[in-house]
Amino acid sequence: ETAIRELTENAINKRKETLDDKEQQLYADVTALSSQARDIVRSLQEEQQKTLTDYFDKTSLIADHECLHLYVRGAKDCVELLKQLGVL
């Protein structure tokens, strides 16, 4: 799992180096919205803050697990394809 996580992080970092203008703008928008969202959450009552923070943390964790699963699935699919092609 650690190796896959490192490969994933390296791939994402390399991808970020080659983003087109539209994708760079998307990342910039998310950064700005993140700051605004934190300000909004801080203005809520403590219980509401906890609910939203827990929601964002858990959806992010789910997305992370799903990406990891897809990465592993892609590696397995690649091996299967190479076997079918007779390379392995």
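Helices here are DSSP runs of at least four residues, numbered from the N terminus, and the model to which these labels are applied is a predicted one.

Begin with the whole chain coloured by secondary structure, where the protein shows 3 helices and 0 strands, the elements running α-α-α from the N terminus on. The radius of gyration is 19 Å, well over the 12 Å that the globule rule gives for 88 residues, so the protein is more spread out than a compact globule. If you then orient the view along the principal axes, the C-alpha atoms fill a box of roughly 60 × 30 × 20 Å.

Next, switch on the molecular surface, for which the accessible area of the protein comes to about 7,700 Å², with 57% of that belonging to carbon and sulfur atoms. Colouring by relative accessibility is a useful companion view, in which buried residues make up 3% of the 88 residues.

Now select the charged side chains, of which 12 are positive and 17 are negative, and whose two sets have centres lying 4 Å apart.

Finally, move to helix H3, which spans 46-84, and continue into the segment after this helix, where Val-87 lies. Is Val-87 buried or exposed? Val-87 has a relative accessibility of 59% and therefore counts as exposed, the cut-off for that class being over 50%. Keep Val-87 selected and add Val-79, Leu-81, Leu-85 and Leu-88, and you have the residues that make a nonpolar surface patch of about 500 Å².

Key
Residues are numbered from 1 along each chain as its sequence is written. This is a predicted model: local features need pLDDT of at least 70, side-chain atom pairs count only at pLDDT 80 or more; totals for chains, interfaces and linings use all residues. Side-chain values use heavy atoms; hydrogens and water are left out. Patches are made of residues with over 30% relative accessible area and no salt bridge: like charges are joined within 9 Å, nonpolar side chains (Val, Leu, Ile, Met, Phe, Trp, Tyr) within 5 Å. Accessible areas come from the Shrake-Rupley method with a 1.4 Å probe; for residues, only the protein chains shown count as cover. A salt bridge is a side-chain nitrogen of Lys or Arg within 4 Å of a carboxyl oxygen of Asp or Glu. Helices (H or I, at least four residues) and strands (E, at least two) are DSSP runs, numbered from the N terminus. Buried means under 20% relative accessible area, exposed over 50%, partly exposed in between (1.4 Å probe, protein chains only). The radius of gyration is taken over C-alpha atoms; the globule rule is 2.2 Å times the number of residues to the power 0.38. Lys and Arg count as positive and Asp and Glu as negative; His and the chain ends are not counted. The place of a charge is taken as NZ of Lys, CZ of Arg, CG of Asp or CD of Glu.
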